[in-house]
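Visitor: Please take me through this model, and set each value against the rule behind it.

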Amino acid sequence: MIPDVICHWLAKNARRQHIGGRFEQNYLQLMRQPEEHYNDSLFVENLREKLRLLVTLKSLPPARWPRYMSPSAEQEVLRWVRETRLFERRCIVPLLRWNGLPLVLAKMMQIAPDGYDFMFITCDDRWQPLKMMRPVQGGGLFSSRPMLVLVFIDERLPASFLQPVILNGNRLLITDVSPRVLQRLHLEIQTLLPVGSPLGSFQLTGESLPADGWTQAVQDNFTHLAHNPACWGQWDDISVLLHG
């Protein structure tokens with residue numbers, strides 16, 4: 001992993017470059033904040049986290065990613081899995097692609113029992129290593145096995161149904177999932193919302209919702225984003241949300 005002091009220096013020096021200007025523009029648009037309220041420490045924190053993770057995610061297999069989590073973050077994942085009884089259930093999770101999320105999911109895969117499946121509904125090739133770490137077995141969605149289905153709601157899936165969600169006056173177009181489909185597949189909705197970084201101080205929150213709770217779960221994700229903007233990993237492309 002790149003030393004934190006180097007990542008911080010690189011992020012600070014990127015503030016006045018194109019990447020920093022794009023972050024500011026997208027942040028002000030999505031958060032509907034006046035320019036004078038923007039604090040570029042948000043950008044520095046966000047980019048520093050991305051840089052710290054870059055080498056780990058690019059050069060090491062997913063089975064080794066959890067060793068870079070802080071000990072308290074590893075314990076937090078164990079606590080959350082235990083308290084939600086995650087490995088006993090069939091759940092679908094609407095997710096934003098937070099920085100550090102790959103480490104959290106790799107840790108869950110590492111501790112999951114045999115007979116538990118992780119399914120990624122995504123066209124993003126960056127998640128392929130995690131898919132290969134624990135391939136889906138035994139019929140996938142149509143099996144009766146406990147499983148976790150991950151849907152990234154800040155990604156546009158081809159031919160997916162969309163629903164509008166309002167965030168700070170912005171009309172976002174988000175992947176929709178029918179309650180009827182979830183009921184047929186015996187899938188509950190579970191939110192997974194991070195506070196902080198799995199490289200340091202970290203917490204997981206979220207709640208279980210019935211099959212008709214997809215809109216609430218999506219809204220909960222974006223409300224959480226509004227309160228924790230530095231953690232989100234997709235600030236460089238909000239056009240997916242705004243324009244499809």
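Guide: The lining of the largest pocket divides into ten nonpolar, four polar and six charged residues. The model is predicted: local features need pLDDT of at least 70, side-chain atom pairs count only at pLDDT 80 or more, and totals for chains, interfaces and linings use all residues. Residues are numbered from 1 along each chain as its sequence is written, while side-chain values use heavy atoms, with hydrogens and water left out.

Visitor: What makes a residue nonpolar, polar or charged?
Guide: Ala, Val, Leu, Ile, Met, Phe, Trp, Tyr, Cys and Pro count as nonpolar, Asp, Glu, Lys and Arg as charged, and the others, Gly among them, as polar. Among the 20 lining residues, L54, L57, K58, P102 and R126 lie nearest the centre of the largest pocket. By the rule, L54, L57 and P102 are therefore nonpolar, and K58 and R126 charged. Six of the lining residues come from α3, the largest share. Helices (H or I, at least four residues) and strands (E, at least two) are DSSP runs, numbered from the N terminus.

Visitor: Why is one space called a pocket and another a cavity?
Guide: On a 1 Å grid over the protein atoms alone, a cavity is a set of points where a 1.4 Å probe fits but cannot get out; a pocket is an open set with protein on both sides within 12 Å along at least five of seven lines, and lining residues have an atom within 4 Å of a point. Grid points are joined across faces, edges and corners, and a volume is the space filled by probe spheres set on the points. The largest pocket comes to about 610 Å³ and the second largest to about 310 Å³. One cavity of 30 Å³ or more is present, and the largest cavity holds about 70 Å³.

Visitor: Which residues line the largest cavity?
Guide: They are L95, W98, N99, G100, L101, V104, L192, P194, P198, F202 and L204. Nine of them are nonpolar, two polar and none charged. α5 (101-111) and β8 (202-205) each supply at least two.

Visitor: How do you know which strands stand at the edges of the open sheet?
Guide: Two strands pair if DSSP finds at least two bridges between them. The sheet has five strands in the order β2-β3-β1-β6-β9, with mixed pairing. β2 (117-121) and β9 (208-209) each have a single partner strand, so one side of each lacks a neighbour in the sheet. β2 and β3 (147-152) are joined by five bridges in the parallel sense, and F120 has L150 in β3 as its bridge partner. The rule of at least two bridges is therefore met by β2 and β3.

Visitor: What makes F23 and Y27 a stacked pair?
Guide: Rings of Phe, Tyr and Trp (its six-membered ring) pair if their centres lie within 6.5 Å; planes under 30 degrees apart count as stacked, over 60 as edge-to-face and the rest as tilted. Ten aromatic pairs are counted by this rule. F23 and Y27 are 6.5 Å apart centre to centre, with 5° between the planes, and the pair is stacked. Both belong to helix α2 (18-31), four residues apart, which means about one helical turn between them.
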